[in-house]
Amino acid sequence: MNILFMGPPGAGKGTQAERIVAEFGIPHISTGDAFRLAMREGTPLGQKAKEYVDQGLLVPDDVTNGIVRERLQQDDCSQGFLLDGFPRTLSQAEALDQMLSAMGRKLDHVINLKVDRSLLLARLTGRRICKSCGATYHVLFNPPKQEGACDKCDGELYQRSDDTEEKVGTRLDEYISKTAPLLSYYADKALLREVDGEKEIDTVTADVSNLLRGRG
Ligand code: AP5
Ligand code: ZN
C-alpha cells in the first residue's frame, strides 16, 4: 500500500505514521527525519538543509526530490511505503507523480490530518522526541511515564530546534502558502481523504486504519 500523510506542522503525521507503519509493515519515509539525521551527521546535505530547517523554511525542491527518489528505489519500499512530509509544494507533487509512474506505481491513499491552527502551536512547543529511537511525546498531551525519558528505550528526550514559537509561526506560514494548495491537487485526483486530527491519538489511529482498510 502506497500512502501519503498530509497536514500542517503538528497535525500528528509523525505520531500516526509510527503506528500505521507498524500495523501495515511498510517503511516510514519522512523528509523531515532525513534532514535532521543529515544535520546531526554534518553531511553536505545536512549543511544545506540546516540553512532552511533552522529558519522554518522549506528546503529547495531539487534537494528534497533527490532524497525521496533515492529512498523509493530501495528494496524495502517494494511492498509499499508511507510518505510523511513530502510532497510539500506543487513541484514536489509533480516530481513524485513522475517518480512513481517511472516505477509503474501510484499512490493508493492521501490522508489529510485536519487540526485547527489554534491547537498547533501548543502541540509543537510541547513536543519532545527520543534521541535514541525517535519516538514522539508531548509534555501535556502524551507525556512519558518518567519525565525526560523514553517509555520504549529509556533514551533521553529533546526538543527540536524548530519547535520554538517564532519558528513554528514561519512553518505554519510556509504550510499555508506552499503546501495547503496540494489538498486540491489530490482532491482533483479523487485520492484525498480527511481525518479529524483533533481527537485522541488512539482514536485518530483507528480512524486512519479503518480508512486504509476500506472501512471508513
Ligand atoms: P517535518 O519534520 O516534516 O515537520 P512538520 O511537517 O513541520 O511536521 P512535524 O513533524 O512538526 O509535525 P507532525 O505532524 O509530524 O506532528 P507530531 O506527530 O510530531 O519538517 C521539518 C522541516 O524539514 C521543515 O520545516 C522543512 O524545513 C524541512 N522539510 C521537511 N520536508 C520537506 C519537504 N518535503 N520540502 C521542503 N522542506 C522540507 O505531533 C506534534 C505533537 O503533538 C507531538 O508532541 C505529539 O505528541 C502531539 N500530538 C500528536 N497527535 C496528537 C493528538 N491527536 N492529540 C494531542 N496531541 C497530539
Ligand atoms: Zn526511545
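This passage looks at helix α6, its packing partners, and the annotated binding-site positions in a predicted model.

Start with α6, which runs over residues 117-125. Three of its residues, L120, R123 and L124, come out as buried. Around the helix axis they cover an arc of only 90 degrees, which puts them on the same side of α6. What do these buried residues of α6 pack against? Two strands and a helix, it turns out: β5 (127-130), β6 (136-138) and α7 (165-179).

The α7 contact can be spelled out a bit further. A pair of packed helices is described by the angle between the axes and the distance between them. For α6 and α7, the axes come within 10 Å and cross at roughly 135 degrees. That angle makes α6 oblique to α7, and the crossing is right-handed. On the α6 side, the residues involved are R117, L120, L121, L124 and T125; on the α7 side, they meet E165, V168 and L172. Of these, L120 and L124 also belong to the buried set of α6.

Next comes the stretch that UniProt, in an unreviewed entry, annotates as the domain "Adenylate kinase active site lid", covering residues 127-162. Over residues 127-162 the chain is 0% helix and 25% strand. The C-alpha atoms at the two ends of this stretch are 11 Å apart.

The unreviewed UniProt entry also lists "binding site" positions: T31, R36, L57, L58, V59, G85, F86, P87, R88, Q92, R160 and R171. Do they sit together or spread out? They span 141 residues in sequence, and the farthest two C-alpha atoms are 24.5 Å apart, so the listed positions do not all gather at one spot.

Two of the listed positions, P87 and R88, deserve a separate word. P87 is in the loop between β3 (81-84) and α5 (90-102), and R88 lies in the loop between β3 and α5 as well. Is P87 buried or exposed? P87 has 24 C-beta neighbours inside 10 Å, and therefore counts as buried, given that the cut-off is 20 or more. R88, with 21 such neighbours inside 10 Å, counts as buried too.

As for who touches whom, neighbours within four places in sequence are left aside here. P87 is then in contact with Q92, A93, L96 and L182, and Q92 is itself among the listed binding-site positions. R88 is in contact with L58, K178 and T179. Here L58 is another position on the UniProt list, while K178 and T179 fall in the range of α7 (165-179).

Terms used:
Residues are numbered from 1 along each chain as its sequence is written. Chains are lettered from A and ligands numbered from 1 in the order in which they are written. This is a predicted model: local features need pLDDT of at least 70, side-chain atom pairs count only at pLDDT 80 or more; totals for chains, interfaces and linings use all residues. A residue is buried if 20 or more other C-beta atoms lie within 10 Å of its own, exposed if 12 or fewer, and partly exposed in between; C-beta atoms are placed from the backbone. Helices (H or I, at least four residues) and strands (E, at least two) are DSSP runs, numbered from the N terminus. The arc is that of the directions from the helix axis to the C-beta atoms. Two residues are in contact if their C-beta atoms, placed from the backbone, lie within 7 Å. UniProt positions are given in the numbering used here, feature names are shortened, and annotations may be inferred rather than shown by experiment. Axes are lines fitted to C-alpha atoms, for helices over the stretch in contact, and angles run from 0 to 180 degrees between N-to-C directions. Angles under 35 degrees count as roughly parallel, over 145 as roughly antiparallel, 65 to 115 as roughly perpendicular and the rest as oblique. A crossing is left-handed if the near helix is turned anticlockwise from the far one by less than a right angle, and right-handed if clockwise.
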